Amino acid sequence: MSQRFSARAVLGGSALLLVAAIVLGAVSGAYAISLSQLWNVLTTLGQGADKSPEHLVFLNIRLPRLLLGVAAGAGLGMAGTLMQGLFRNPLADPGLVGISSGAALAAGVTIVLGASLWPSLPRTLGSWTLVLMAFGGGLCVTLLIYGLSRSEGGTRMALMLLAGIAVNALAGAGLGFLSVMATDEQLRSLQFWLLGSLGGARWSAVLLVAAAVLAACVAARSLAAPLNAIALGEAQAALLGVDVERIKRRAVVVTAVAVGAVTATTGIIGFIGLIAPHWVRMVAGPDHRVVLPASALLGAALVLCADTVARTAMAPAELPLGVLTAFIGVPMFLWMLRRFRGRI
Amino acid sequence: MNGRRAMHIRFHRRDVLRLLGASSLGAAALPLFAQEPKLPKLVTVSGAITEVVYLLGAEGQLVGTDTTSLYPAAARATPKVGYMRQLSAEGLLSLKPDAIIATNESGPSVVLDQVRSAGVKVEIIEADHSWGEVQRKVQAVGRAAAREAQARELQAKLDAEWAQVQQRVAAFKGRKPRVLFVLSHSASPQVSGEKTAAHAVIGFAGGINALGGFQGYRPMTAEAMASAAPDIILTSTQGIEAHGGVDRFWQRPELALTPAFRKRSLITQDALLLLGFGPRTPASIADLHEKFATALA
């Protein structure tokens with residue numbers, strides 16, 4: 001087996017990958033913007049000069065979408081690492097503890113029943129209704145599962161996993177019921193929401209998600225060393241002086257904030273939270289101080305690459321992002337599994 | 001801010017065109033404009049709207065359509081912007097249209113907002129399954145394509161056709177048939193309740209929707225279908241083909257209990273023609289009405 005790469009090499013490599021993905025995403029798209037036009041747009045930023053169509057397309061549509069992709073990928077990659085570290089289970093994924101399905105169920109209820117249940121709600125919250133409801137739904141389910149998994153002063157991870165699976169099944173049934181209730185139009189909105197897309201990137205939403213993900217990433221930094229201790233087992237971690245309960249609580253909240261904010265804006269983007277941390281661990285080893293930031297960088301790069309394909313492959317039409325993250329991510333992941341099977 | 005400014009500029013240009021077309025040159029001079037390369041370029045999102053573009057002779061201005069734009073056949077060859085509810089902002093803008101004409105069933109709305117903010121005019125037509133919907137489609141295309149005189153002519157012609165069809169339906173003295181529309185033929189067939197295009201179409205053609213009490217399309221149990229007692233089953237040609245033909249269709253067990261089964265009363269029409277609410281709607285309704293009458297005779 002080839003040697004593990006140093007922390008610096010892994011972080012530098014994933015940062016380079018992300019930069020490459022950003023550049024690739026910036027220069028490709030259905031609307032042709034040449035490199036010189038892009039240069040022109042970037043150099044005249046903030047000068048209030050005459051705005052060409054390239055200006056408007058790049059600044060209003062492509063740039064917010066790129067940033068949303070970075071925030072979403074970073075949030076999902078980081079949250080996936082936290083979950084896998086917390087559960088000491090390589091299968092863990094933010095979807096597993098019900099954050100995504102809680103958000104999806106709340107979004108579904110809003111899309112299908114929103115108009116009849118709370119007719120005044122869309123008027124007061126406007127286009128934020130869906131985002132806030134989805135975020136709230138993700139958070140509620142996370143808290144519910146966290147509550148269910150507490151016993152005798154501790155949080156039992158096996159209970160949490162089972163509760164998460166049960167709640168996921170319930171949310172799936174709820175969505176199935178909603179799809180029967182839905183009109184044709186609502187069904188389409190629901191379906192596209194479940195497949196994920198960065199197409200709804202507005203500056204206001206992008207900044208909100210970016211702020212939430214950034215805050216979550218900063219908070220996650222202090223979790224890296226305790227998670228390394230927890231990897232040895234909870235009892236050992238406690239012996240090493242780690243307040244295991246506090247770490248679990250913080251990790252769950254950080255994950256819920258990051259994934260809730262991302263999912264609320266983009267719909268469900270699958271596999272990034274599962275694949276990115278594994279990929280990093282295969283080349284860098286299990287140290288969370290490296291895996292956490294590198295997974296965030298790699299997750300962002302993966303989402304951007306998938307979205308670039310989503311935007312261009314069928315232009316002027318668009319492919320659902322969730323389909324592409326699976327199509328691109330899973331074969332890569334399987335190859336990595338084979339190549340580095342000794343390190344899982 | 002800047003998006004809005006650009007939109008104003010476009011408005012001005014179009015207003016100037018409209019003034020020129022309407023007052024100084026008059027309708028007779030409009031063919032001159034057809035050679036003018038500056039005519040506004042259009043993207044249409046909805047099969048019926050695309051049909052209007054072709055009827056107004058504006059197909060040269062058409063730079064893109066959605067996947068529901070299947071008629072006339074030439075519309076299939078235009079660049080496709082995807083399904084009407086999953087549009088892409090950059091995709092739409094890459095075709096560099098001056099205006100996008102869509103119904104309120106199109107989306108996502110964020111994408112339409114983004115397109116607007118890039119300075120492209122977006123015309124949204126409310127799809128309420130009425131004759132007014134057809135009229136609004138004709139007017140909107142006329143406005144956006146700078147062919148308002150032709151649009152008025154077309155609307156007058158269609159209004160006359162529609163009045164004639166409505167008269168014929170109103171003059172019919174026989175019993176109104178109970179009609180069941182089946183959207184798809186999966187294990188539980190999807191049928192149409194109130195507030196659907198199919199519900200409106202059945203009413204216009206002089207029938208009664210065999211199902212009421214719910215809105216939109218729903219999967220229906222076999223027993224409920226039998227108790228709805230339809231005289232006629234209405235469905236799309238595409239739906240019957242996907243189900244494997246008419247003979248396969250009548251083998252469904254729940255149908256054997258309906259009045260429609262005894263006479264094998266099945267009416268099919270092309271989905272876009274039947275539910276599109278476009279310029280071919282008067283012809284579609286006339287055809288349906290005639291078939292309703294024969295089915296009950």
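**Exercise 1. Contacts and overall form of chain A**

Work out what share of the contacts in chain A between residues at least 6 apart in sequence join residues at least 24 apart.

*Solution.* Keep in mind that we're working with a predicted model here. Step one: take the contacts in chain A between residues at least 6 apart in sequence; 79% of them join residues at least 24 apart. Step two: look at the secondary structure, which for chain A comes to 15 helices and two strands. Step three: check the burial, where 50% of the 344 residues of chain A count as buried. Step four: get the dimensions. Along the principal axes, the C-alpha atoms of chain A fill a box of roughly 65 × 55 × 35 Å. The radius of gyration of chain A is 21 Å, which agrees with a compact globule, because 344 residues packed that way would give a value near 20 Å.

**Exercise 2. The same tour for chain B**

Find how many helices and strands chain B has, and what percentage of its residues count as buried.

*Solution.* Start with the elements: chain B has 14 helices and 10 strands. Next, burial: of its 297 residues, 43% count as buried. Then the contacts with a separation of 6 or more, where residues 24 or more positions apart account for 61% in chain B.

**Exercise 3. A strand pair and its crossover**

Determine in which sense strands β1 and β2 of chain B pair, and give the handedness of the crossover.

*Solution.* First locate the strands: β1(B) covers residues 42-45 and β2(B) residues 62-65. They pair in the parallel sense, over three bridges. For a landmark, find B:Thr44, which has B:Thr65 of β2(B) opposite. Now trace the connection: the chain leaves β1(B), runs through α3(B) and arrives at β2(B), making a right-handed β-α-β crossover.

**Exercise 4. Where the two domains of chain B touch**

Identify the helix that gives the most to the domain 1 side of the contact between the domains of chain B.

*Solution.* Set the bounds: chain B is divided into domain 1 (2-157) and domain 2 (172-296). The contact takes 13 residues from domain 1 and nine residues from domain 2. On the domain 1 side, α3 (47-55) and α6 (131-144) each supply at least two residues. The winner is α3(B), with five residues. By class, this side has seven nonpolar, three polar and three charged residues.

**Exercise 5. Chain B against chain A**

Find which element gives the most to the side of chain B that touches chain A.

*Solution.* Count both sides: 30 residues of chain B are in contact with 25 residues of chain A. On the chain B side, α1 (2-24), α4 (89-94), α5 and β8 (217-219) each supply at least two residues. The most comes from α4(B), with six residues. Sorting the residues on this side by class gives 13 nonpolar, 13 polar and four charged.

**Exercise 6. Two alanines**

Decide whether B:Ala118 is buried or exposed, then place B:Ala149 in the secondary structure.

*Solution.* B:Ala118 sits in the loop between α5 (109-117) and β4 (121-125) of chain B. Burial takes 20 or more C-beta neighbours within 10 Å. B:Ala118 has 25 inside 10 Å, so this residue counts as buried. Its C-alpha atom is 21 Å from that of B:Tyr83, 35 residues apart along the chain.

B:Ala149 belongs to helix α7 (residues 148-171) of chain B. With 17 C-beta neighbours inside 10 Å, B:Ala149 counts as partly exposed. B:Asp287 is 138 residues apart from B:Ala149 in sequence and 29 Å apart in space, C-alpha to C-alpha.

Technical notes:
Residues are numbered from 1 along each chain as its sequence is written. Chains are lettered from A and ligands numbered from 1 in the order in which they are written. This is a predicted model: local features need pLDDT of at least 70, side-chain atom pairs count only at pLDDT 80 or more; totals for chains, interfaces and linings use all residues. Helices (H or I, at least four residues) and strands (E, at least two) are DSSP runs, numbered from the N terminus. A residue is buried if 20 or more other C-beta atoms lie within 10 Å of its own, exposed if 12 or fewer, and partly exposed in between; C-beta atoms are placed from the backbone. Domain bounds come from an automatic or database domain assignment. Two residues are in contact if their C-beta atoms, placed from the backbone, lie within 7 Å. Ala, Val, Leu, Ile, Met, Phe, Trp, Tyr, Cys and Pro count as nonpolar, Asp, Glu, Lys and Arg as charged, and the others, Gly among them, as polar. The radius of gyration is taken over C-alpha atoms; the globule rule is 2.2 Å times the number of residues to the power 0.38. Two strands pair if DSSP finds at least two bridges between them. A crossover is right-handed if, with the strands pointing away from the viewer, the path from the first strand over the helix to the second runs clockwise.
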